[in-house]
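The questions below concern how helices and strands are arranged in one model, and each answer works step by step towards a value or a name.

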Amino acid sequence: MEEINLHFTGDIHAITSANNLLSAIIDNHIFQGNELEIDKVIWKRCVDLNDRALRKVEIALSGEKGAVPREDGFDITVASEIMAIFCLSENLEDLKKRLGNIVIGYNKKGEEVKARDLKAEGAMTVLLKDALKPNLVQTLENTPAIIHGGPFANIAHGCNSVIATKMGMKLADYCITEAGFGADLGAEKFLDIKCRNLPKTPDAVVCVATIKALKYHGGMPIENIKEESVDYLEKGIHNLLKHIDNLKNIYGLNVIVAINKYTSDTDKEIEYLRKKLEEKGVNISLVEAWAKGGKGAIDLAEKVVDLCEKPSNFKYCYNLEDSIKEKIEKIATRVYGAERSRIYRRSK
C-alpha cells in the first residue's frame, strides 16, 4: 500500500515529464523566433503536488534576448489533459495521435496551434511508452487488481485506463471497475466517454451508499450523524433515488445498491432503506467487507452475478453527432435534473 501511495511504478512521473516537455518545447519555439506565430498559450505545466502557490506564475523573466515573459501556471498531474488522454488510449499509436491533437494555444490569426505543429508528440510518446503498461497488484486477500491511471472526474473522465479494463475483462469471468464521483458525474462520464472507447457497456452496476451519508443529505447535523433517524434518512434517500434513476431510466442498466454498513447503522434504518428500494424494484446488499474482508461481501457478489444475467437496455445520454450545446443540455437536464440550461461561450 505504501508503494502505491508513493512513487508506485513511476507512471505519474512519466506523465508529468511528458506534460512539461511540451511546455518546454512551446517556450523554446517562441524563444527561437516563433515560426508558428504563437500569440496565446493555453497549455499549463503540471506537478504531482497540490502546490497552490504554483497555480499562477510568471515565466521567462531571465531577460535573455528572445525570452517572452508571460503568465503560466501548474495543474496537478492527475488533473492534466495528458492523464485523460493516457487513460483513453488503446495503444502507443493511438496515444501518439491523441497527443498530437492537443491544442496548446492560438496564433496571431486566432487559429489553433497543436502539439503536432511543434512536432512534440513523438518525444512525448516515448516518455510514456512504459507507463502505458498496466500495473498488477494484489489485495490483502491476494485478489488480483489492476491500477493504471487516474484522471480527476471533475476535470476529465474520472476512470482508469481503457487498456487496464480490457485486460481485466480478458483475465477474469467478472471484471469490476470503478467510476469516481457518484452516478451523475462519475457514471455519466464513464458511460458516455469511456464505454465508447472500450467499446463495452456494463452488465450490471453497483451503486454504493452509506446510511450516514444519506442522513447527512437529508440535513442531519454532522455531529449527530451516528444517532438513529429515519426522518433524516427519509429526506436524504431522494439523493440515492436520483442516482438510481440515472442508471436505470436514463442509461437502461441493471442496478443493485451496496450499503457499506457502519457500526452506528441500526436495524430500523436498514429495514427502512431496504423497503424503500424494493418499492423501486432495486435490490440491496449490506456490505461488511471493511470488517470481515471478502466474506463480508459474498452476498453482494452473488447478487451481482445474478444481475449480470438479466437483460438490459443500455442507451447513451447523448449522441456523438449532437452539437456541444445539445450535449450539455442533455446532460444538465437529464442527469443533473436541471429544468433548463443556459449556455455561455467564453471568449478566447
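Two strands count as paired if DSSP finds at least two bridges between them. The model discussed here is predicted.

Q: Which residue in β11 stands opposite Val206?
A: The strands β10 and β11, the latter covering residues 255-260, pair in the parallel sense over 5 bridges, where at least two bridges are needed for strands to count as paired. Within β11, the residue that stands opposite Val206 is Ile256.

Q: Which strands stand at the edges of the open sheet with the order β10-β11-β12?
A: This open sheet is formed by 3 strands, and their pairing is parallel. An edge strand has a single partner strand, so one side of it is left without a neighbour in the sheet. The strands in that position are β10 (205-209) and β12 (283-287).

Q: By how many degrees are neighbouring strands of the sheet β10-β11-β12 turned against each other on average?
A: The order of the strands makes β10 and β11 neighbours, and likewise β11 and β12. With direction ignored, the average turn between neighbouring strands of this sheet is 30°.

Q: What angle does the direction of helix α10 make with that of β12?
A: Helix α10, which spans residues 267-279, packs on this sheet and touches β11 and β12. Helix α12 (residues 298-308), for its part, lies across β10, β11 and β12 and runs at about 155° to β12. For α10, the angle with the direction of β12 is about 155°.

Q: Which residue in β6 is the bridge partner of Val41?
A: Another open sheet of 3 strands has the order β1-β6-β7 and antiparallel pairing, and its edge strands are β1 (38-41) and β7 (112-114), each of which pairs on one side only. Strand β6 (residues 103-107) runs antiparallel to β1 and is joined to β1 by 3 bridges. The bridge partner of Val41 in β6 is Gly105.

Q: Are helices α3 and α4 roughly parallel or roughly antiparallel to each other?
A: The axes of α3 (residues 81-88) and α4 (residues 92-100) come within 9 Å and cross at roughly 150°. Angles over 145 degrees count as roughly antiparallel. The two helices, α3 and α4, are therefore roughly antiparallel.

Q: How many charged residues belong to the contact of α3 with α4?
A: In this contact, Ile82, Ile85, Phe86 and Leu88 of α3 meet Asp94, Leu95, Arg98 and Leu99 of α4. Of these residues, 6 are nonpolar and no residue is polar, while the number of charged residues is 2.

Technical notes:
Residues are numbered from 1 along each chain as its sequence is written. This is a predicted model: local features need pLDDT of at least 70, side-chain atom pairs count only at pLDDT 80 or more; totals for chains, interfaces and linings use all residues. Side-chain values use heavy atoms; hydrogens and water are left out. Axes are lines fitted to C-alpha atoms, for helices over the stretch in contact, and angles run from 0 to 180 degrees between N-to-C directions. Helices (H or I, at least four residues) and strands (E, at least two) are DSSP runs, numbered from the N terminus. Angles under 35 degrees count as roughly parallel, over 145 as roughly antiparallel, 65 to 115 as roughly perpendicular and the rest as oblique. Contact means heavy atoms within 4.5 Å. Ala, Val, Leu, Ile, Met, Phe, Trp, Tyr, Cys and Pro count as nonpolar, Asp, Glu, Lys and Arg as charged, and the others, Gly among them, as polar.
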